[in-house]
Amino acid sequence: MAPHSGEARLRGVTYDERAAAGLLAALAVVLMAVTAFPILYSLWISFYGLNLRRPNRVPFVGLDNYAHVLANPQFWDSVGRTAYFSAITVVAVLVLATLIAVLLDQDFPGRRILSACLLIPWAIPSVANGLMWKWIYDSNYGALNGLLMQVGFISSATIWLGDSAKTLPLIANAFIWKEVPLAAILLLVTLKAIPADLYSAARVDGATAFKRFCHVTLPAMRPGFLLVALYEAMMAVRHFDLFFLLTEGGPGGASDVVAWRIYVETFRNLSFGTGAAMSYILAIATLLMSYGLIRSLAQKL
Amino acid sequence: MSRDVIMVRPLLWPRLLRGAVLAVASVVLLAYVLAPVFWLVSSSVQTEREIVSIPPHWIPDEPTLQNFKAIFLTGLGYAQPTPTGVDPTSGGFIPSVAGNLLPAMGNSFIVSIAVVVLNLLVGVPAAYAIAKIRFRGRNMALYVILATRVIPDIALVVPFFLVVRKLGMLDSLGSLIITYLAVTVPFSVFVLASFFEQMPDDLDRAARVDGCSRLQVLLRVFLPLARPALVAVGLFAFLASWNEFLLALMFTQTAASQTLPIIVAGITSDFTVSFSFLNAAGVLAVVPPVLLAVIFERYIVSGLTAGAVKG
């Protein structure tokens with residue numbers, strides 16, 4: 001496996017190791033500059049009372065920023081909204097992507113056109129996605145009202161994004177539309193990797209198509225499900241663009257999620273110290289969440 | 001696919017049923033994916049009068065390209081925006097932001113191309129080293145790269161903003177190009193490394209025996225074979241930069257550095273802009289990435305799956 005490792009231990013740094021260092025140097029510099037440094041710098045900022053409204057007085061406050069954030073009930077409300085938004089997203093993406101993957105796994109004319117079209121939502125910029133859905137949800141001239149009234153589902157124009165009970169599911173719907181294609185592509189790969197033997201064995205045992213799907217396909221797709229759940233949860237928790245474009249945290253805080261709160265705290269209240277503390281809490285929460293999901297993935301394999 | 005070959009040829013009616021189910025499912029999927037985009041495009045070519053009709057005209061009665069004409073003429077300096085105070089519904093109204101769209105598109109192109117070039121320059125050598133050289137700390141390197149993918153971009157915004165501001169680089173394309181590396185490079189390295197890993201080790205060994213240095217092996221043996229992976233990685237970096245919104249929102253302030261998403265976002269909250277113009281701006285932002293994605297579908301799908309399996 002590693003022909004040079006014995007040699008390396010004997011003679012210190014081998015040619016290969018020097019070559020690897022040279023080839024990795026540019027990456028190391030870039031990652032230091034644009035990820036490691038900012039992460040450490042924001043940890044440092046989070047211990048200071050940095051507010052750009054009074055840039056000349058930056059007192060060291062220790063963990064006060066964290067205490068301040070964690071003691072704020074509004075912060076916990078936004079955590080709840082982020083969790084709700086992420087849960088809707090992950091569940092809906094898993095269900096839709098599974099159905100699409102099963103469809104694209106079949107052999108039929110037009111399958112290639114279908115999978116090419118599937119990339120369209122994935123490629124659309126999130127800003128254009130936000131603009132598109134904002135116009136669809138428009139309470140005066142939007143397509144959603146137009147369509148529902150034409151089919152007789154509702155009798156008069158309904159307010160969509162402006163209704164605090166509907167806001168988060170509607171934003172989630174716009175997000176899901178864009179996220180489903182990638183998830184379907186990933187699940188299709190897991191689906192194609194299932195050995196055909198498993199199916200023929202089940203068929204010999206007399207299992208119906210539905211039973212084969214439940215007892216062969218679904219269990220075999222578990223690694224794919226966990227990968228998609230992990231990725232989508234990460235994306236949903238950090239998502240900002242649609243909240244900015246569709247509602248700006250409104251109406252009345254109904255879409256005030258953690259990512260939006262960080263933005264407001266930092267760039268509208270100019271309180272960089274608490275903003276950094278909040279984004280650190282988000283980063284650590286994301287890390288723990290992914291670690292937990294990866295652990296469960298490793299166990300199930 | 002091979003599963004069906006094993007299957008005994010089924011009776012006629014189950015085959016018909018299967019065909020019908022597949023056809024219905026395909027139509028439903030196509031409608032789900034395309035209907036919102038269709039409505040975006042349809043709205044962009046409607047007149048001011050038509051777009052506010054109830055019920056909506058799904059297919060415009062009198063399609064017009066006036067919005068796109070306005071964008072291109074004002075962008076190139078051949079037309080001026082309609083002065084303030086003129087009734088927007090009077091027809092031929094050109095909003096003041098119309099002229100910003102083409103320059104913003106130019107900015108988006110410059111930033112995206114620069115990010116693609118830097119991604120390849122940084123990512124290719126690193127990915128080759130990770131895939132083909134056994135060195136101490138290789139696993140560490142992999143974990144570090146993996147960890148950077150977990151950091152939410154919004155957590156990077158605060159420190160980035162302060163540094164960029166201190167360096168006097170606010171409102172410049174340079175700040176965007178550098179910070180976009182944080183969101184693109186780790187993924188590029190993963191896609192490229194998983195591609196290099198699939199190439200036989202013998203290729204590497206043979207070239208080394210022939211006296212090639214590591215760099216020569218990479219340049220002469222691996223690079224020519226890696227074209228599909230390079231295309232895929234280039235596309236991902238381009239699309240990610242073209243579509244990026246959060247960092248651009250923080251760092252850009254004037255039309256000199258604003259990218260297309262920023263101008264488009266400004267239009268969505270601008271009440272003087274007509275609905276059809278809004279949608280035309282959206283179409284402008286959507287066309288380049290969607291064209292690239294559909295044309296290079298194969299490369300993208302294989303790259304996405306490679307990157308995901310590793311990452």
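The questions and answers below go through a predicted model with chains A and B.

User: How many helices and how many strands does the secondary structure of chain A come to?
Analyst: From the N terminus on, the elements of chain A run α-α-α-α-α-α-α-α-α-α-α-α-α-α. The count for chain A is therefore 14 helices and 0 strands.

User: What is the radius of gyration of chain A, set against the globule rule?
Analyst: The C-alpha trace of chain A spans about 80 × 75 × 30 Å along its principal axes. For 301 residues the globule rule gives 19 Å, and chain A is well over that, so it is more spread out than a compact globule. The radius of gyration of chain A is 25 Å.

User: What percentage of the 301 residues in chain A is buried?
Analyst: To count as buried, a residue needs 20 or more other C-beta atoms within 10 Å of its own. In chain A, the share of the 301 residues that are buried is 42%.

User: Is helix 13 of chain A mostly covered or mostly uncovered?
Analyst: Helix 13 of chain A takes in residues 258–268. Its buried residues include A:V258, A:W260, A:I262 and A:Y263. Also buried in this helix are A:R261, A:E265 and A:T266. With 8 of its 11 residues buried, helix 13 of chain A is mostly covered.

User: Which residue just after helix 13 of chain A takes a positive phi?
Analyst: Most residues other than glycine have a negative phi. The residue asked for sits in the loop between helix 13 and helix 14 (272–300) of chain A. It has a phi of about 60 degrees although it is not a glycine. The residue is A:L270.

User: Why does A:L270 count as partly exposed?
Analyst: A residue is buried at 20 or more C-beta neighbours within 10 Å and exposed at 12 or fewer, so a count in between makes it partly exposed. For A:L270, the number of other C-beta atoms within 10 Å is 14.

User: Is B:D171 buried, exposed or partly exposed?
Analyst: B:D171 lies in the loop between helix 7 (153–166) and helix 8 of chain B. Its phi is positive, about 65 degrees, although B:D171 is not a glycine. Because B:D171 has 16 C-beta neighbours inside 10 Å, it counts as partly exposed.

User: Which helix gives the largest share of the largest nonpolar core?
Analyst: The largest nonpolar core has 176 residues, and those with the most contacts inside it are A:A184, B:A127, B:L192 and B:V264. The largest share of this core is 16 residues, from helix 8 (residues 173–198) of chain B.

User: Which residues does A:A184 touch, leaving out those up to four places away in sequence?
Analyst: A:A184 is one of the residues with the most contacts inside the largest nonpolar core. Beyond four places in sequence, A:A184 touches A:A97, A:I100, A:A101, A:L104 and A:L118.

User: Which helix gives the most to the side of chain B that touches chain A?
Analyst: In all, 79 residues of chain B are in contact with 79 residues of chain A. By class, the chain B side has 62 nonpolar, 10 polar and 7 charged residues. The element that gives the most to this side, with 12 residues, is helix 2 (residues 12–44) of chain B.

User: At what angle do helix 5 and helix 13 of chain B pack?
Analyst: In helix 5 of chain B, B:L101, B:A104, B:M105 and B:S108 meet B:L260, B:I262 and B:I263 in helix 13 of chain B. The residues of this contact divide into 6 nonpolar, 1 polar and no charged. The axes are 7 Å apart, and the angle is about 145 degrees.

Methods:
Residues numbered from 1 in each chain as written. Chains lettered and ligands numbered in written order. Predicted model: local features only at pLDDT ≥ 70, side-chain atom pairs only at ≥ 80, totals over all residues. Helix = DSSP H or I, 4+ residues; strand = E, 2+ residues; numbered from the N terminus. Core = buried A, V, L, I, M, F, W, Y, C linked by C-beta atoms within 7 Å. Contact = placed C-beta atoms within 7 Å. Nonpolar A, V, L, I, M, F, W, Y, C, P; charged D, E, K, R; others polar. Axes fitted to C-alpha atoms, helices over the stretch in contact; angles between N-to-C directions. Rg over C-alpha atoms; globule rule 2.2 N^0.38 Å.
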